[in-house]
Amino acid sequence: MKKLITFTLNGYEVSAEVESHRMLLEVLRDTFDFKGTKPGCGQGECGACTVLVDDVNVDSCLYPAFEIEGKSVTTIEGLIDEGNKLHPVQESFVAHGGIQCGFCSPGMIMSATALLRENPSPSDGEIKAGISGNLCRCTGYVQIVESIRDAAERLQENAG
Amino acid sequence: MTTKYSFIGTEAPRPDAPDKAAGKAVYIHDLVRPGMLFGKIKYSECAHARISHIDTSRAEKLPGVRAVLTGDNSPQVRYGFIKDNFVFKRDKVRQYRDEVAAVAATDPDIAAEAVDLIRVDYEEIPAVFDPEEALQGGAPLIHETDGRGKPKKDNLVPVPWRFVSGDVEKAKQESAYVAEDAFETQLIQQSCMGTAGCIAEFDLQSNLIMHTKTQIPFLAQNDFNQALSAMGLKGKNSRVIVPTLGGSFGTGLDTHGYEFIAILLAYKTGRPVKIVLDREEEFITLSPRQPTRSRILQGCDKDGKLTFREIHMILDNGAYTSWGATTPSVMMLPISSIYRVPNVLYDTKIVYTNNTYCQAMRGYGNPQAAWALEGNLDHLAEEAGIDPYEFRMTNRNIPNDLTPMGLNITSCGHKECLESVAEKLRWKETRGQGRSAVDGKVRGVGMASLFHVGGSGRVYRSDGSGVIMKLDDFGNVSVIAGGVEMGQGFDAALSLASAEALGVTPDKVKVVTGDTATCPWDVGTHASRGAFTSCNAAIMAARKAREKVFQLAAEHFMPRIQFKEKRKQKKDPDYRMPDLDFERMLKPSDFDMRENVVFLKDDPEAPLLHLRLEEILREAHYKEQGTMIVTEAFYDPCNQMLDMKTCRGNLSATYIFGVQGAEVEVDLETGKVRILRFAAAHDVGQVLNRQTIRGQIYGGVMTGIGYALCEEYKTDRGKNLNPNFLDYKILSAPDVDFPIDVDCIETHDEEGPFGAKGVGEPGLVPTAPAIANAVYDAIGVRIHSLPITPEKVLAALRGEKV
């Protein structure tokens with residue numbers, strides 16, 4: 001079964017005809033060519049495919065595409081400002097060594113962004129809980145936590 | 001010491017990080033080629049069976065299918081370290097992951113459906129899954145013939161490793177104390193976040209273009225060219241292009257069945273064919289780290305000085321042979337040479353079984369060796385009644401020492417690493433003090449050392465790395481290298497080293513890698529060698545480039561300065577040209593360059609006598625019979641291949657040392673081990689990039705903790721039981737609930753680029769034994785097999801041998 005779905009993707013209203021068994025991840029990558037969202041496991045275990053749906057971080061590999069009707073999706077590409085300017089969370093990951101191979105990074109950054117929207121000054125324990133669904137094999141998480149701590153400060157400075 | 005450098009040792013962010021943060025880096029998953037088909041593989045459904053019939057008729061009829069290949073309708077392509085593997089299995093399957101057929105289709109779903117429609121009839125035959133059983137007479141033969149077609153009589157992989165030094169028997173008799181143990185390690189999986197994959201395509205001259213996830217683009221080129229020969233395309237070439245890698249950790253050290261299948265499908269269909277493994281396939285069909293069984297004895301005299309070391313090891317090879325069969329050559333390094341020990345015996349049997357075949361993983365055999373060595377060393381220290389830290393200090397490695405294996409130890413920070421970890425753990429106050437239970441929990445501290453190649457490792461006839469430096473009209477420098485960035489920070493280290501060596505700022509440097517058609521040859525990014533060899537090559541290429549820049553400066557500096565002065569005068573008639581001694585600007589040796597500026601060596605501060613590099617380059621380029629600067633260098637370290645008969649030779653140009661230590665808490669009721677504090681001190685020679693080196697060590701430690709406490713690739717009669725991250729547990733962020741102290745000890749190695757040694761692998765080498773030794777300190781019982789699960793701890797507390 002196919003259905004026309006309409007939703008907001010990185011600030012623009014978009015529509016696509018999708019099959020009932022498709023997940024949001026496939027629609028983002030294959031229909032809209034937003035390949036920053038990564039397919040890590042397809043089973044909601046690794047978090048590489050994390051995107052924001054109405055500002056909440058979700059595993060897009062488990063999110064049925066039909067369910068996205070009328071909602072707002074932000075992918076890693078949607079964080080970037082005009083003039084190719086990285087979002088403060090992305091900047092912090094670059095500045096603090098939060099990225100090695102980078103495959104988990106888009107998902108990790110989306111989870112961090114969701115966390116900091118919810119909780120602008122999290123403790124280290126809250127940061128770790130906030131990214132507990134995002135696996136990373138390279139970094140040992142230490143510099144990721146440092147990055148998110150720094151991102152919290154950057155965002156607060158920007159807000160202040 | 002670091003102050004003499006402008007960029008070396010700084011916290012510079014990685015050049016590849018912004019694109020990765022933006023989601024713009026292109027991994028194999030993201031890569032699309034026009035007209036691309038999707039390949040899918042049919043794997044064996046048995047561990048050991050004869051193939052009686054393959055029916056592909058229904059798959060062939062499925063709309064969208066463009067090719068269905070089996071061993072019957074495709075050329076026979078052999079691969080593997082000793083060529084004991086075939087791309088499609090014709091006669092029999094020897095493991096569950098054996099490839100029996102494959103399809104190419106216009107859509108991944110169609111390809112998957114077509115694979116399901118292929119029917120294979122098997123006739124099962126007896127299988128063997130235990131390497132010791134596989135060695136017994138009458139065990140089913142995994143391979144009836146060897147790679148050359150000669151009949152095989154047993155299941156031994158014909159890659160023997162045996163090292164003997166001194167007289168172990170005599171030393172054993174004369175030792176005051178001897179400790180003997182048996183240790184085991186488990187299968188673990190590399191667990192790259194980005195799964196493996198490739199796209200194969202042919203040009204109209206039947207040359208192959210292969211986008212693939214590899215650490216060895218040039219050895220892969222060689223393997224693929226051999227496959228082309230087997231396909232009747234002798235003399236044709238492969239161009240290997242490496243996309244951004246989502247981790248590799250050793251998985252990219254061999255070429256794989258799926259790569260050859262993509263090649264065959266692409267040739268058959270005349271279209272690009274993409275195969276990307278899904279997570280379950282990645283677990284089931286890539287090769288994990290070898291499991292080992294070791295029997296170890298070490299002895300010492302009454303003062304605690306080591307007298308001998310004897311290790312007998314069995315490696316489960318699985319059904320085919322990868323480069324992993326050479327891991328004992330790396331195990332041999334610590335076994336022969338960590339701590340000073342005169343008499344050593346080491347032998348290994350590598351055994352075929354019907355289990356999944358094994359491969360390289362970060363550390364390349366060293367974690368298995370360290371697990372046995374360092375656990376048994378603690379045991380021996382206890383026998384001798386000596387504190388394990390003092391025992392290690394007594395026997396520690398020292399600079400400028402030649403080991404029994406012929407390893408030439410030059411720089412060595414073993415002592416400093418031991419001291420650092422002891423201090424961080426407050427060893428003297430904590431060791432042996434935590435056995436009285438508080439709330440049902442006991443505490444302990446433990447440590448373990450590592451010894452590894454730090455100056456590459458000559459496991460191939462060439463151990464070289466090439467670098468080309470290309471300077472352009474804008475003062476940009478392309479550093480074109482044969483190495484591979486797989487997350488470890490290759491580009492970050494190479495850009496800083498190139499900038500420092502050449503005298504430009506890092507923002508002017510662009511590291512270009514990953515294309516065998518344009519990059520110079522490199523044996524591969526393994527053995528913690530990437531930064532060591534490529535930065536050395538970059539230093540050589542930079543030296544040549546500087547010579548050329550200064551030659552051009554001798555020609556153009558004076559006229560250019562005069563021109564600029566005259567222009568100033570033209571604009572401002574009152575401007576007085578200073579009295580300049582142009583005689584000082586005529587010889588190449590008069591000049592120096594730093595941070596993109598060429599200046600006079602003996603008058604660096606004179607503001608008028610500064611020219612930007614690009615000004616000189618443009619002067620030299622835009623004129624009749626102009627010139628541009630491109631230099632190259634090939635660095636092949638001063639190390640040796642092992643003599644295969646004696647297993648001696650100076651494998652690496654320098655060696656790396658490290659010590660890790662843990663303070664743990666053990667819950668006596670649940671058996672759970674919790675890490676309270678972790679310390680890692682590594683002799684790194686010289687920090688190249690302070691940010692990435694920390695990342696390397698943190699990441700290594702976490703993988704090491706996974707190896708120690710929770711990771712296990714479980715199998716039942718050769719079949720993997722946990723091919724996903726729910727059942728195969730790697731650490732997640734909340735697991736890292738303890739402080740980690742990383743201490744980089746700088747010993748300034750003479751062979752190292754700016755004094756640096758390789759650091760890629762060592763982070764995980766001594767982690768598991770350090771934790772096990774801490775658990776012993778807490779509970780007084782030694783755990784002999786990995787991982788140290790709560791079940792094993794409870795069994796050990798009950799007095800069972802684990």
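In the hairpin formed by S11(B) and S12(B), with five residues between the strands, B:Ser206 has a positive phi near 65°. Strands here are DSSP runs of E of at least two residues, and helices are runs of H or I of at least four, both numbered from the N terminus. The model is a predicted one, in which local features need pLDDT of at least 70 and side-chain atom pairs count only at pLDDT 80 or more, whereas totals for chains, interfaces and linings use all residues. Residues are numbered from 1 along each chain as its sequence is written, and chains are lettered from A and ligands numbered from 1 in the order in which they are written.

The two strands of this hairpin, S11(B) and S12(B), run antiparallel and are joined by five bridges; strands count as paired if DSSP finds at least two bridges between them. Within this pairing, B:Ile199 has B:His211 of S12(B) as its bridge partner. S12(B) also pairs with strand S13 (residues 238-241) of chain B, in the parallel sense and over four bridges, and here B:Ile209 is matched with B:Arg239 in S13(B). Strand S12 (residues 208-212) of chain B is mostly covered, as four of its five residues are buried. A residue is termed buried if 20 or more other C-beta atoms lie within 10 Å of its own, exposed if 12 or fewer do, and partly exposed in between, with C-beta atoms placed from the backbone.

The loop between strand S10 (177-185) and strand S11 (197-202) of chain B contains B:Ser191, whose phi is near 55°, a positive value in a residue other than glycine. B:Ser191 is buried, with 24 other C-beta atoms within 10 Å. In chain A, A:Asp55 likewise has a positive phi, near 70°, and is found in the loop between strand S3 (50-53) and strand S4 (56-59). A:Asp55 is exposed, with 11 other C-beta atoms within 10 Å. Most residues other than glycine have a negative phi, and most peptide bonds are trans. A cis peptide bond, with omega of about -10°, joins B:Leu786 and B:Pro787; B:Pro787 belongs to the loop between helix H18 (767-779) and helix H19 (790-797) of chain B.

Another part of chain B combines a sheet with two helices. The sheet is open and has three strands in the order S24-S25-S26, with antiparallel pairing. Strand S24 (591-594) and strand S26 (610-612) stand at its edges, each with a single partner strand, so one side of each is left without a neighbour in the sheet. Direction ignored, neighbouring strands are turned by 30° against each other on average. S24(B) is joined to strand S25 (residues 597-600) of chain B by four bridges, and B:Met593 stands opposite B:Val598 in S25(B). H15(B) packs on this sheet, touching S24, S25 and S26 of chain B, and its direction makes about 110° with that of S24(B). H16(B) lies across S24, S25 and S26 of chain B, running at about 70° to S26(B).

These two helices also meet each other. The axes of helix H15 (residues 530-571) and helix H16 (residues 613-621) of chain B come within 9 Å and cross at roughly 90°; axes are lines fitted to C-alpha atoms, for helices over the stretch in contact, and angles run from 0 to 180 degrees between N-to-C directions. H15(B) and H16(B) are therefore roughly perpendicular to each other, a term that covers angles of 65 to 115 degrees. From H15(B), B:Val549, B:Leu552, B:Ala553, B:His556 and B:Arg560 meet B:Leu613, B:Glu615, B:Ile616, B:Glu619 and B:Ala620 of H16(B). Contact requires C-beta atoms, placed from the backbone, to lie within 7 Å.

H15(B) also gives the largest share, 13 residues, of the largest nonpolar core. That core has 310 residues, and those with the most contacts inside it are B:Val103, B:Leu688, B:Ile771 and B:Val775. A nonpolar core is a set of buried Ala, Val, Leu, Ile, Met, Phe, Trp, Tyr and Cys residues joined through C-beta atoms within 7 Å. Leaving aside residues up to four places away in sequence, B:Leu688 touches several residues, among them B:Ile8, B:Ala531, B:Cys535 and B:Phe754.

Between the chains, 43 residues of chain A are in contact with 44 residues of chain B. On the side of chain A that touches chain B, the largest share, four residues, comes from H2(A).

Technical notes:
Two residues are in contact if their C-beta atoms, placed from the backbone, lie within 7 Å. Angles under 35 degrees count as roughly parallel, over 145 as roughly antiparallel, 65 to 115 as roughly perpendicular and the rest as oblique.
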